[in-house]
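Biologist: I'm new to this one, so could you pick a single part and walk me through it slowly? I'd like to see how that part sits among everything around it.

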Amino acid sequence: MTERIREEHPALTPAELEEIAKHATTREFRARTVLMSEGDETDNLYIILEGRVRAYVSDSDGREAALSVMGPGEYFGELAFDEGPRSASVITLDACKMLVVPREDFVNFVKSSPTFAFHFINHLIGRIRTLTNNVRSLALMDAYGRVARLLLEDAVTEKGVQFVPKLTQAEIASRVGCSREMVSRIFKDLVQGHYITVESDRIVINRKPPARW
């Protein structure tokens, strides 16, 4: 059994997915497909059935900062509820299958389904908590602390082994707001200190990494 160490955004249950699927179209997307861009019109809600996506923001120079990585049962595009512009871009990391719910159907479903409305509120609360923690990390933690926090938050435990499914150093750098070179140096120190072991498909956490170095 695989256990999530921390889950800010609980996934939809099979019953909830079945109900909302009645209002949705199933679509498949290739890996590295940009599903939405900052400033786009908010017209659909996307629910992930298979695969993973990354939400990010970017500047005019092409620099990016990752906001989150989402997988099956999670959803994005919830700003469609108020018709405001998209606040972030989203790209597929893998080939994905999704339920795409038009804005009007999404709004009506929230109004008519107290169970989903409650889940939706909790989902938004989770996003607020995540953003608050991210701001705290950027403002108060050094690069080591931010990398350590990311590893612990993304970790799963399986058969007594705590590990993070493989992330590239570029992905980690984008998510913690520092350079890939800095992440490389941090990983070198963490490996030498026996805090982590980098394997081909995962990062094993041998003991809790230091919040500061």
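Modeller: Let's begin with a word we'll need: a residue is called buried when its relative accessible area is under 20%. Keep in mind as we go that this is a predicted model.

Now take strand E4, residues 44-50. Of its 7 residues, 5 are buried, so the strand is largely enclosed by the rest of the structure. What does E4 pair with? One partner is strand E9 (residues 96-102), joined to E4 in the antiparallel sense over 6 bridges. If you want a spot to look at there, find Leu45, whose bridge partner in E9 is Val101. E4 also pairs with E7, again in the antiparallel sense, over 2 bridges. In that pairing, Ile47 has Tyr75 in E7 as its bridge partner.

Tyr75 is a handy stepping stone. It belongs to a nonpolar core of 15 residues that also includes Ile20, Phe116 and Ala117. That core is separate from another one, which we'll get to below.

Stay around E7 a little longer. Strand E7 covers 75-76, and the loop between E7 and strand E8 (89-92) holds Glu78. The side chain of Glu78 meets that of Arg127 in a salt bridge, with 3.0 Å from N to O. Arg127 lies in helix H3 (residues 114-140), so the pair ties together parts that are 49 residues apart in sequence. Are these two charged residues buried or exposed? Glu78 is buried, because its relative accessible area is 10%. Arg127 counts as buried as well, at 17% relative accessibility. As background, side chains of opposite charge can pair when their charged atoms come close.

From E8 we can step into a sheet. Four strands form an open sheet in the order E3-E8-E5-E6, with antiparallel pairing. Its edges are strand E3 (34-36) and strand E6 (64-70), each pairing on one side only. Neighbouring strands of this sheet are turned by 30 degrees against each other on average, direction ignored. Look at E5, residues 53-58: E5 and E6 pair over 6 bridges in the antiparallel sense. Within that pairing, Val57 stands opposite Ala65 in E6.

Lying across E5 and E6 is helix H5 (residues 169-176), which runs at about 105 degrees to E6. Its buried residues are Ile172, Ala173, Ser174 and Val176. Just after H5 comes Gly177, with a positive phi near 75 degrees.

Ile172 takes us to the other core I promised. The largest nonpolar core has 20 residues, and Ile172 is among those with the most contacts inside it, along with Val147, Leu151, Val164, Phe187, Ile196 and Ile203. Helix H4 (143-154), H5, helix H6 (180-192) and strand E13 (202-205) each supply at least two residues of this core. H4 gives the most, with 5 residues. Which residues does Ile172 itself touch? Leaving aside residues up to four places away in sequence, Ile172 touches Val147, Leu150, Leu167, Val183, Phe187 and Ile203.

H5 has a charged link too. Arg175 forms a salt bridge with Asp154, and their closest N and O atoms are 2.6 Å apart. This pair links distant parts of the chain, with Arg175 in helix H5 and Asp154 in helix H4, 21 residues apart. Asp154 counts as buried at 15% relative accessibility, whereas Arg175 counts as partly exposed at 23%.

For one more charged pair, go to Glu199 and Arg202, which form a salt bridge with the closest N and O atoms 2.8 Å apart. Glu199 is partly exposed, with a relative accessible area of 31%, and Arg202 is also partly exposed, at 22%. The structure holds 8 salt bridges.

Finally, step back to the whole chain. Its secondary structure comes to 6 helices and 13 strands, and buried residues make up 43% of the 213 residues. Among contacts with a separation of 6 or more, 70% are between residues 24 or more positions apart. The radius of gyration is 18 Å, which agrees with the value near 17 Å for a compact globule of 213 residues. The C-alpha atoms fill a box of roughly 55 × 45 × 30 Å along the principal axes. As for E4, where we started, 5 of its 7 residues are buried within all this.

Methods:
Residues numbered from 1 in each chain as written. Predicted model: local features only at pLDDT ≥ 70, side-chain atom pairs only at ≥ 80, totals over all residues. Heavy atoms only, no water. Pairing = 2+ DSSP bridges. Axes fitted to C-alpha atoms, helices over the stretch in contact; angles between N-to-C directions. Contact = heavy atoms within 4.5 Å. Buried < 20%, exposed > 50% of the residue type's maximum accessible area, 1.4 Å probe, protein only. Core = buried A, V, L, I, M, F, W, Y, C linked by side-chain atoms within 4.5 Å. Salt bridge = Lys/Arg side-chain N within 4 Å of Asp/Glu carboxyl O. Rg over C-alpha atoms; globule rule 2.2 N^0.38 Å.
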